Amino acid sequence: MYSKCGCFRDADKLFQRMEMRDVFSWTAMITCYAHQGMASKSLALFESMKAENVHPYSVTFLGILTACTHAGLVEEGKYYFNSMNSDYDVKPNLEHHACMVDMFGRSGQLERAVHLIQTGQMWFKEHESGSCLCLWKVSLGACHMHKRLDLGVHSATKILDMDPNDETTHVLLSNLYSFGLWEDAIRIMKSMKDKGLKKEAGISWIEVERERHVFVAGDVCHPSRGEIYEKLEELENKCRHIGYVPMTEYVIHDVDELQKEDIIRCHSDKLAVSFGLIRGKATRVISVIKNLRVCRDCHNWMKLISLVEDREIVLRDSRRFHCFKDGKCSCGDYL
């Protein structure tokens, strides 16, 4: 429970007080640190678990591979993946392969990610339905991250051959094209509209005094919107004073630079953090949940906010936790 709430310190305290630790408690703690981006702690726990003669199982290795994926530890990830069957008699399944594809993709080794999918897809076609679709989606996400149009189009084509109405694939492909090929981006969005598909809206929420407050980008409906935007402007001025520059290259709209700054300034997670700083003065930690992955601009902004406001910010996006403190993030900027 503490782990899923981002309270890794409380989770660790409880774990250290346990008199008897089985494989499930070890795995829970390994996975907790993995999702916080604290790979060294995950790997150290794994070694401690082995030293106590606790045999890892399938989910334990998911935690270890996740830790390596979120920290860019490619060689270490390969070692643990290869050791599963040979040393522990644990056969890698679809989720383990997805971790490896994600690990190669995040590190920029996209050709290796695609090769892994291609070499394993015949086995998965026979044993796990829909598996290739899952792996190609992981590949497409990595191609989008690294702006690799060639492999991105290849991955998207594979997905749409299996599922022509996949909304996320249309959006990511359009976003890839928007890095310069606007006509193609518009064509993909038109195709999406013709099929009746809708892009998932980005939302963020925060709980203050046992009440949940939900925000969308450019939110104008919240009762405290005046205070929120005033606080947001104050925070941006503080950040700019210490070197913050909006990363407008991540705005996927064909508009001028000033409009891009306006768009990126009002992302939902920035609004939620601003509200938390206004209303959550009694709490040391500002905790925000976001349904999509945090963008690099918001990530950079939150690091600076944790510094200028001397507050800790915990953001749970669709993939992992980010703990911002003293101008740094627990992920080490490895998004």
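Contact, as the word is used here, means heavy atoms within 4.5 Å. The model described below is predicted.

**The sheet**

An open sheet with mixed pairing is built from 6 strands, arranged in the order β2-β1-β3-β4-β5-β6. Its edges are formed by β2 (211-216) and β6 (328-329), each of which pairs on one side only. At the β6 edge, strand β5 (residues 321-325) is joined to β6 by 2 bridges, and the two strands run antiparallel. Within this region K325 stands opposite K328 of β6.

**Helices across the sheet**

Two helices, α14 and α15, are listed with the strands they lie across.

| Helix | Residues | Strands lain across | Angle |
|---|---|---|---|
| α14 | residues 268-279 | β1 (203-208), β2, β3 (285-290) and β4 (312-316) | about 15° to β1 |
| α15 | residues 296-308 | β4, β5 and β6 | about 35° to β5 |

Strand β4 is among those that α14 lies across, and β4 is also among those that α15 lies across. The edge strand β2 is covered in this list by α14, and the edge strand β6 by α15.

**The α2 and α4 pair**

Helix α2 (residues 23-35) and helix α4 (residues 58-71) have axes that come within 8 Å and cross at roughly 15°. Because angles under 35 degrees count as roughly parallel, α2 is therefore roughly parallel to α4. The crossing of the two helices is left-handed. On the α2 side, the contact is made by V23, T27, I30, T31, A34 and H35; α4 contributes V59, T60, G63, I64, T66, A67 and H70. By class, the residues of this contact comprise 6 nonpolar and 7 polar, with no charged residue.

How values were computed: Residues numbered from 1 in each chain as written. Predicted model: local features only at pLDDT ≥ 70, side-chain atom pairs only at ≥ 80, totals over all residues. Heavy atoms only, no water. Pairing = 2+ DSSP bridges. Helix = DSSP H or I, 4+ residues; strand = E, 2+ residues; numbered from the N terminus. Axes fitted to C-alpha atoms, helices over the stretch in contact; angles between N-to-C directions. Parallel < 35°, antiparallel > 145°, perpendicular 65-115°, else oblique. Left-handed = near helix turned anticlockwise from the far one by under 90°. Nonpolar A, V, L, I, M, F, W, Y, C, P; charged D, E, K, R; others polar.
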